[in-house]
Amino acid sequence: FGGHSCTNCKKMYNKVWSDTEVLDILKNDFVIAALYVDDKTKLPQSEWITSSYDGKVKKTIGKINADFQVSKFKSNALPLYAIVDHTGNMLSEKPYTYDKSVKNFIKWLKEGKENFDN
């Protein structure tokens, strides 16, 4: 989960995701889905949801993504990375939030991949 205007998200992309080892792991071992919580694109009424978290109607892509983040991962921190299997089950002990350490991010990715393989 990230935001178009999220400063820490941009720092992660520029300082961590740009690392050659991180890029190699992400390209070869993961399918990446970016869910932006500040996307203001309004959806047709047929795609609106009523939040089970706060009971409010969510009408934009960003609001729906933010609701999913808080409902599923109990956090609104940005960025927030989660490694999940094909059915949405967590494969890491916890989501990864802002930390500019390439070493820590690689360790987290490898643990998630190992859990998937097992």
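1. Helix H2 first. Its buried residues pack against H1 and H4. This is a predicted model, and the points below should be read as such. The buried residues of H2 are Val-22, Ile-25 and Leu-26. They span an arc of only 95° around the axis, so they sit on the same side of H2. Thr-20, Lys-27 and Asn-28 are exposed on the other side of H2. The general background is simple: an α-helix has 3.6 residues a turn, so residues three or four places apart point the same way.

2. The disulfide. The structure holds one. The bond links Cys-6 with Cys-9, at an S to S distance of 2.4 Å. Which hand does the disulfide of Cys-6 and Cys-9 have? It is right-handed, because the torsion about the S-S bond is about 80°. Cys-6 and Cys-9 are both buried.

3. The largest pocket. It holds about 800 Å³ of space. Its lining counts 30 residues, and those closest to the pocket centre are Val-31, Ile-32, Ala-33, Ala-82 and Val-84. By class, the lining has 23 nonpolar, three polar and four charged residues.

4. Which elements build that lining? At least two residues each come from helix H1 (7-17), helix H2 (20-29), helix H3 (61-73), strand S3 (80-81) and helix H4 (102-117). H4 gives the most, with five residues. H1, H2 and H4 thus deserve a joint look on screen: they appear together in this lining, and the buried residues of H2 pack against H1 and H4.

5. The second largest pocket. About 260 Å³ of space lies in it. The residues lining it are Glu-93, Lys-94, Pro-95, Tyr-96, Thr-97, Asp-99, Asn-104, Lys-107, Trp-108 and Glu-111. Strand S4 (96-97) and H4 each supply at least two of them. H4 has the largest share, with four residues. The class split is three nonpolar, two polar and five charged. H4 is therefore the top contributor here, as it is in the largest pocket.

6. The loop between H3 and S3. Two backbone features call for a check. Pro-79 lies in this loop. The peptide bond joining Leu-78 and Pro-79 is cis, with omega about -10°. Lys-74 lies in the loop between H3 and S3 too. Lys-74 is not a glycine, yet its phi is positive, at about 55°. As background, most residues other than glycine have a negative phi, and most peptide bonds are trans. Is Lys-74 buried or exposed? With a relative accessibility of 67%, Lys-74 counts as exposed, since the cut-off for exposed is over 50%.

7. Asn-65. This residue lies in helix H3. Its relative accessibility is 12%, so Asn-65 counts as buried; the cut-off for buried is under 20%. What does Asn-65 touch, leaving aside residues up to four places away in sequence? The contacts are Phe-1, Leu-35, Tyr-36 and Val-37.

Conventions
Residues numbered from 1 in each chain as written. Predicted model: local features only at pLDDT ≥ 70, side-chain atom pairs only at ≥ 80, totals over all residues. Heavy atoms only, no water. Disulfide = S-S within 2.5 Å. Buried < 20%, exposed > 50% of the residue type's maximum accessible area, 1.4 Å probe, protein only. 1 Å grid on protein atoms, 1.4 Å probe; cavity = no way out; pocket = protein on both sides within 12 Å on 5 of 7 lines; lining within 4 Å. Points joined across faces, edges and corners; volume = space filled by probe spheres on them. Nonpolar A, V, L, I, M, F, W, Y, C, P; charged D, E, K, R; others polar. Arc of directions from axis to C-beta. Contact = heavy atoms within 4.5 Å.
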